[in-house]
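Open the model in a viewer and keep a selection prompt at hand. The stops below can be taken in order.

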Amino acid sequence: MVPDRQFEAERSVLDQDEPTRPSKPMGDTMPATTAAPWSDKPALAGQDMASVWDLVSIVAETPRWYRMSAWSGHVPFALWLISVLRPATLVELGTYSGVSFCAFLQAMARCERARQAVAVDTWQGDEFTGSYPEHLYLGLKAHCEEQYGGLARLLRMTFDEALDEVADGTVDLLHIDGSHTYEAVRHDFETWLPKLAPNAVVLFHDVAERRPRFGVWRLWDELCGRHRTLTFEHCSGLGVLAIGPDVPAPLASLLSDPGERPPPAALAARRLFAVFGAELQLPPEPPPVVRKRVPRTPANLWAFLTKRPLV
Ligand SMILES: C[S@@+](CC[C@H](N)C(=O)[O-])C[C@H]1O[C@@H](n2cnc3c(N)ncnc32)[C@H](O)[C@@H]1O
């Protein structure tokens with residue numbers, strides 16, 4: 001399904017050193033701390049309004065690569081996260097048709113710091129996805145080569161085999177979305193830990209998924225007690241974990257300290273990204289068609305022929 005939005009022109013706000021702002025702030029007659037009489041929150045001054053628009057222009061951007069995926073509702077957050085984090089190196093474990101990977105790439109392509117985005121997958125499926133056709137890999141490969149050239153690297157191998165391909169201490173953003181058992185996701189996290197840069201961020205998909213055999217939630221519970229984290233509940237859940245103390249301020253303001261409740265900004269962000277993500281989520285399964293059995297009687301044959309109600 002292609003989302004019901006037209007592709008928009010690439011926005012370049014992300015890489016501007018000095019984002020375009022009104023030369024004279026609209027709100028310079030209203031100090032940022034002035035509260036509207038009906039509100040308990042400070043009013044926004046003109047400068048803030050410009051950054052609100054920058055934010056909306058990022059999260060409402062249309063994905064350039066869209067396929068059916070349980071991940072699609074997290075695309076707005078992915079676009080925002082890259083704009084804030086500006087990773088030089090991203091690694092994704094589990095790429096499938098490329099919805100998450102291409103969202104990262106779309107935003108990374110505008111960051112001067114970006115050096116490589118690595119997607120690791122056997123493209124043979126696992127116990128959760130089942131096997132899938134070869135054209136998923138071939139189509140994604142062609143798209144990445146055409147659109148992102150040297151930035152994107154597709155490694156068709158197991159996550160363990162790919163460990164030899166990435167230098168220790170270099171990964172700024174790791175996205176783990178492979179097999180979803182507790183043992184598998186824990187193995188993926190622990191084996192890739194040495195690859196992380198000191199202030200890396202790690203994403204886990206399916207942290208809110210409680211179906212049988214899914215165990216990401218269990219690992220996520222453990223990690224939330226030890227690290228600063230942000231948890232999204234929509235679209236099977238996405239966990240965001242900060243490894244080191246130094247993350248960009250917009251992300252830091254959303255993180256909970258280990259074992260603590262989320263700050264108010266995180267609750268607002270969860271709602272914002274769920275709303276924008278909902279537009280991109282899979283449509284609900286259509287209800288099964290139930291055919292009513294109609295007795296094959298002469299009366300019904302007559303009713304059918306004369307377009308009267310069947311009995
Ligand atoms: C849930 S899908 C990834 C979804 C993807 N992130 C998206 O945006 O739609 C999981 C993928 O991980 C791959 N996978 C699982 N375990 C793996 C492993 N140990 N090594 C390589 N690939 C693996 C499967 O082939 C599958 O394509």
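The tour of this predicted model goes from the sheet to the ligand and ends at three single residues.

**Stop 1: the sheet**

Colour the strands by number. Seven of them form an open sheet in the order 3-2-1-4-5-7-6, and the pairing is mixed. At the edges stand strand 3 (152-156) and strand 6 (228-232); each has a single partner strand, so one side of each is left without a neighbour in the sheet. From one strand to the next, the twist averages 15 degrees.

**Stop 2: strands 1 and 2**

Select residues 89-93, which are strand 1, together with strand 2: the two are parallel and share five bridges. Strand 2 covers 116-121. Two facing pairs can be labelled here. Val-91 has Val-118 of strand 2 as its bridge partner, and Glu-92 stands opposite Ala-119, also in strand 2. To follow the connection, trace the chain from strand 1 through helix 3 to strand 2; this β-α-β crossover is right-handed.

How much of strand 2 is buried? Five of its six residues are, so that strand 2 is mostly covered.

**Stop 3: strands 2 and 3**

Keep strand 2 selected and add strand 3. These two run parallel as well, joined by five bridges. Label Asp-121 and look across to strand 3, where Arg-156 stands opposite. Then add residues 135-148, which form helix 4; with strand 2 and strand 3, helix 4 makes a right-handed β-α-β unit.

**Stop 4: a helix across the sheet**

Select residues 182-192. This is helix 6, which lies across strand 1, strand 4 (171-176) and strand 5 (196-205). The angle between helix 6 and strand 4 is about 170 degrees.

**Stop 5: the ligand**

Select the ligand and the 21 residues around it. Which of them come nearest? They are Ser-69, Trp-71, Gly-94, Ser-100 and Gly-178. Two elements give two or more residues to this shell, namely helix 3 (99-108) and strand 2. Colouring the shell by residue class shows six nonpolar, twelve polar and three charged residues.

**Stop 6: two residues with positive phi**

Go to Arg-86, in the loop between helix 2 (75-85) and strand 1. Its phi is near 45 degrees, a positive value in a residue other than glycine. Is Arg-86 buried or partly exposed? Arg-86 has 19 C-beta neighbours inside 10 Å and so counts as partly exposed, since a buried residue needs 20 or more.

Next select Ser-236, which is in the loop between strand 6 and strand 7 (238-242). Ser-236 is not a glycine either, and its phi is positive, near 70 degrees. With 21 other C-beta atoms within 10 Å, Ser-236 is buried.

**Stop 7: Ala-303**

Finish at Ala-303, in helix 10 (residues 298-305). Ala-303 has 15 C-beta neighbours inside 10 Å, so this residue counts as partly exposed. Which residues does Ala-303 touch, not counting those up to four places away in sequence? Show Arg-308, Pro-309, Leu-310 and Val-311 to see these contacts.

Definitions and conventions: Residues numbered from 1 in each chain as written. Predicted model: local features only at pLDDT ≥ 70, side-chain atom pairs only at ≥ 80, totals over all residues. Near = placed C-beta within 6 Å. Helix = DSSP H or I, 4+ residues; strand = E, 2+ residues; numbered from the N terminus. Nonpolar A, V, L, I, M, F, W, Y, C, P; charged D, E, K, R; others polar. Pairing = 2+ DSSP bridges. Axes fitted to C-alpha atoms, helices over the stretch in contact; angles between N-to-C directions. Contact = placed C-beta atoms within 7 Å. Buried ≥ 20, exposed ≤ 12 C-beta atoms within 10 Å, placed from the backbone. Right-handed = clockwise from strand over helix to strand, strands pointing away.
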